[in-house]
Amino acid sequence: DFLSLLTSCIILVIKGESSVIDHMLSWGFASSLCDLLLNAQQSGRIGGPFVSIMRILHHLVSRVEAIESVGSAKADIIRILVTYINTGDQLPKDSTIAMELLKKLYQCNYSRCIQHFIQMAKQNDLPNVILNRVLTADAAMLSEVVHPSALRIYAVDILKAMLAVADEDYSAVLRALLDAHPAWREYREQSHDLFITVSEHRLSFVIRVT
């Protein structure tokens with residue numbers, strides 16, 4: 001609980017003072033967070049420590065400089081997040097945060113790292129993980145997930161973003177994969193409003209006072 005509160009305070013500082021991000025990037029903070037995320041995963045601390053790092057990264061990558069810092073990090077953020085989503089019989093509780101973080105990376109099509117992210121998506125089979133684990137997940141698979149409707153929205157957004165920025169050859173392969181998958185046919189044309197319920201239409205990352 002203390003770590004969650006401390007993380008929320010860090011996020012409020014980042015959101016309230018944009019110059020803080022400049023300092024954090026100059027110190028190599030985004031790259032260090034990727035290293036910490038990998039360490040947390042490898043040591044089995046995919047609860048509070050892992051989620052706290054994802055939350056901070058989620059707010060840092062609102063700027064292209066931060067995305068490029070993440071893309072040049074030694075630790076592969078795409079592999080880390082795909083491994084997180086693809087672990088266990090159920091989707092992890094905070095899969096929605098991981099999916100939104102991926103969405104921010106792939107929607108930044110003017111980043112110099114975007115083709116690197118596309119290449120890592122291919123190597124880590126991200127499209128099939130999204131199609132076969134996220135979009136086809138049943139109620140049991142989603143039972144622990146916070147905001148499962150938003151999870152699907154971000155999943156579709158990632159695939160559309162990849163189609164938009166991938167080179168011609170991979171875009172054709174990806175489109176063929178998507179068009180052949182029943183889950184894509186179900187979700188690709190849907191409005192976001194059909195997925196987000198009233199109870200879910202609120203800020204995802206706030207300080208919760210108990």
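What follows is a chat about how some labels on this predicted model are earned.

Me: How do you know that helix 1 has the span expected of a helix?

Reply: Take its 15 residues, 2-16, at 1.5 Å a residue: the expected span is 21 Å, and the end C-alpha atoms are 21 Å apart, so the two agree.

Me: Which residues of helix 1 are buried, and what puts them on the same side?

Reply: The buried ones are Thr-7, Ser-8, Ile-11 and Ile-14. They cover an arc of only 120 degrees around the axis, so they sit on the same side of helix 1. Helix 2 (19-26) and helix 4 (48-60) are what these buried residues pack against. On the face turned away from the buried side you'll find the exposed residues Phe-2 and Gly-16.

Me: Why is Phe-2 called exposed?

Reply: Its relative accessible area is 63%, and exposed means over 50%, so the label fits. Phe-2 belongs to helix 1. Together with Leu-3, Leu-6 and Ile-10, Phe-2 forms a nonpolar surface patch with about 370 Å² of accessible area.

Me: What makes Ile-118 a buried residue?

Reply: A relative accessible area of 3%, set against a cut-off of under 20% for buried. Ile-118 is part of helix 8 (residues 114-123).

Me: Which residues does Ile-118 touch, leaving out those up to four places away in sequence?

Reply: Tyr-106, Met-162, Val-165, Ala-166 and Tyr-170. As for Leu-131, it is 13 residues from Ile-118 in sequence, and their C-alpha atoms are 16 Å apart.

Me: What makes the phi of Asp-125 worth a look?

Reply: Asp-125 has a positive phi of about 60 degrees, yet it isn't a glycine. Most residues other than glycine have a negative phi, so a positive one goes against the usual pattern. Asp-125 sits in the loop between helix 8 and helix 9 (126-134).

Me: And where is His-147, with its positive phi near 60 degrees?

Reply: In the loop between helix 9 and helix 10 (148-165). His-147 is also a residue other than glycine.

Me: Why is Asp-125 called partly exposed, and is His-147 buried or exposed?

Reply: Asp-125 has 38% relative accessibility, and partly exposed covers the range between the 20% and 50% cut-offs, so that is where it lands. His-147, with a relative accessible area of 9%, is buried, since buried means under 20%.

Me: How do you know that Arg-63 and Asp-22 form a salt bridge?

Reply: Their closest N and O atoms are 2.4 Å apart, and the rule asks for a side-chain nitrogen of Lys or Arg within 4 Å of a carboxyl oxygen of Asp or Glu, so the pair qualifies. The two are 41 residues apart and link distant parts of the chain: Arg-63 lies in the loop between helix 4 and helix 5 (64-71), Asp-22 in helix 2. By the same rule the count comes to four salt bridges.

Me: What makes Asp-22, Arg-63 and Glu-65 one network?

Reply: Shared partners. Arg-63 pairs with Asp-22, and Glu-65 forms a salt bridge with Arg-63, with closest N and O atoms 3.0 Å apart. Both acids count as partly exposed, Asp-22 with a relative accessible area of 39% and Glu-65 with 38%.

Me: Why can the Arg-112 and Glu-68 pair be said to tie parts of the chain together?

Reply: Their side chains meet in a salt bridge at 2.8 Å, N to O. Arg-112 is in the loop between helix 7 (95-107) and helix 8, while Glu-68 is in helix 5, so the bridge joins parts 44 residues apart in sequence. At 72% relative accessibility Arg-112 is exposed, whereas Glu-68, at 15%, is buried.

Me: Why is helix 5 called largely enclosed?

Reply: Because six of its eight residues are buried. Those are Ala-66, Ile-67, Glu-68, Ser-69, Val-70 and Gly-71. They pack against helix 2, helix 3 (29-42), helix 4, helix 6 (77-85), helix 7 and helix 8.

How values were computed. Residues numbered from 1 in each chain as written. Predicted model: local features only at pLDDT ≥ 70, side-chain atom pairs only at ≥ 80, totals over all residues. Heavy atoms only, no water. Helix = DSSP H or I, 4+ residues; strand = E, 2+ residues; numbered from the N terminus. Expected span 1.5 Å × (residues − 1). Buried < 20%, exposed > 50% of the residue type's maximum accessible area, 1.4 Å probe, protein only. Arc of directions from axis to C-beta. Contact = heavy atoms within 4.5 Å. Patch = residues over 30% accessible without salt bridge, like charges linked within 9 Å, V, L, I, M, F, W, Y side chains within 5 Å. Areas by Shrake-Rupley, 256 points an atom, 1.4 Å probe, with all protein chains shown as cover.
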